[in-house]
Amino acid sequence: KGYYEKAETCYNQSLNSPRTKTKCIKTVTLHQLAMAYEDMNKLNKAEQTYKKALNTFEEIRFTYGKAKTLHHIGLIHELKGDYKEAEKYYLKSLDLKEDLTKENREYLKEIAEENPELKELLKDVIKDFEVRNEDKLGRAITLGQLGILKIKTKNYRKAKKYLTEAKELFEEI
């Protein structure tokens, strides 16, 4: 509703609340706080806050949150006019959105190989992660943003490629 200062206050209170116990909840709250900063055009604060969230998303291996945060950091760089850096973050986000399970599957396989006792316990979990879990909507949005970015840099051929891929995914959804 546009109450960004109120949202900022609430998110900061939440971060310091004893009720916000888990890293996951704190990290999602950080991500939301960064979005409020982004909406208030406090781009440096937004970027710093997104990067804090990104570090914790990496730590807790929450690929979906990591992919969304990378997209937003790309958007911050685009808003600042740093298109090369924006593209780097968009592409990282896109890669994760292509297979949200890949990162965790590889991590679990690594743990299983290091610890034979866990190997049997993790066998079924690893098997579950073998199914590719694509974030089609997230990919379409990031592809669209990459298309817009390429228009800004006058690379119309790549813009057309990204926008066509985005359109096809939107139609699939």
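**Surface patch, overall fold and salt bridges**

A nonpolar patch on the surface is formed by L137, I141, F170 and I173, which together have about 380 Å² of accessible area. The structure described here is a predicted model. Within the patch, L137 belongs to helix 8, which spans residues 136-152. L137 is classed as partly exposed because its relative accessible area is 44%, a value that falls between the limits of 20% for buried and 50% for exposed residues.

The chain contains 9 helices and 0 strands, so that its pattern along the sequence reads α-α-α-α-α-α-α-α-α. Along the principal axes, the C-alpha atoms fill a box of roughly 55 × 45 × 25 Å. Of the 173 residues in the chain, 40% are buried. Among contacts with a separation of 6 or more, 57% involve residues 24 or more positions apart. The chain exposes about 10,700 Å², of which carbon and sulfur atoms supply 52%.

The charged residues were examined next. The chain carries 35 positive and 30 negative charges, and the mean positions of the two sets are 5 Å apart. In general, side chains of opposite charge can pair when their charged atoms come close. A search of the whole structure finds 16 salt bridges.

One of these salt bridges joins the side chains of E103 and K66, with an N to O distance of 2.6 Å. E103 lies in helix 6 (residues 102-114) and K66 in helix 4 (residues 63-80), so this pair ties together parts that are 37 residues apart in sequence. E103 is partly exposed, with a relative accessible area of 22%, whereas K66 counts as buried at 11% relative accessibility.

Helix 4 also takes part in a salt bridge between E78 and K152, whose closest N and O atoms are 2.7 Å apart. Because E78 lies in helix 4 and K152 in helix 8, the pair ties together parts that are 74 residues apart in sequence. E78 counts as buried, at 3% relative accessibility, while K152 is partly exposed, at 39%.

A further salt bridge is found between E171 and K167 (3.2 Å, N to O). Both residues lie in helix 9, 4 residues apart, about one turn of the helix. E171 and K167 are both exposed. Elsewhere, E8, K42 and K45 are joined into one network by salt bridges that share partners.

Helix 9 comprises residues 156-172 and includes E171. The relative accessible area of E171 is 56%, and this residue is therefore exposed. The C-alpha atoms of E171 and F57, 114 residues apart along the chain, are separated by 30 Å.

Key: Residues numbered from 1 in each chain as written. Predicted model: local features only at pLDDT ≥ 70, side-chain atom pairs only at ≥ 80, totals over all residues. Heavy atoms only, no water. Helix = DSSP H or I, 4+ residues; strand = E, 2+ residues; numbered from the N terminus. Buried < 20%, exposed > 50% of the residue type's maximum accessible area, 1.4 Å probe, protein only. Contact = heavy atoms within 4.5 Å. Areas by Shrake-Rupley, 256 points an atom, 1.4 Å probe, with all protein chains shown as cover. Lys, Arg positive; Asp, Glu negative; His and termini not counted. Charge placed at Lys NZ, Arg CZ, Asp CG, Glu CD. Patch = residues over 30% accessible without salt bridge, like charges linked within 9 Å, V, L, I, M, F, W, Y side chains within 5 Å. Salt bridge = Lys/Arg side-chain N within 4 Å of Asp/Glu carboxyl O.
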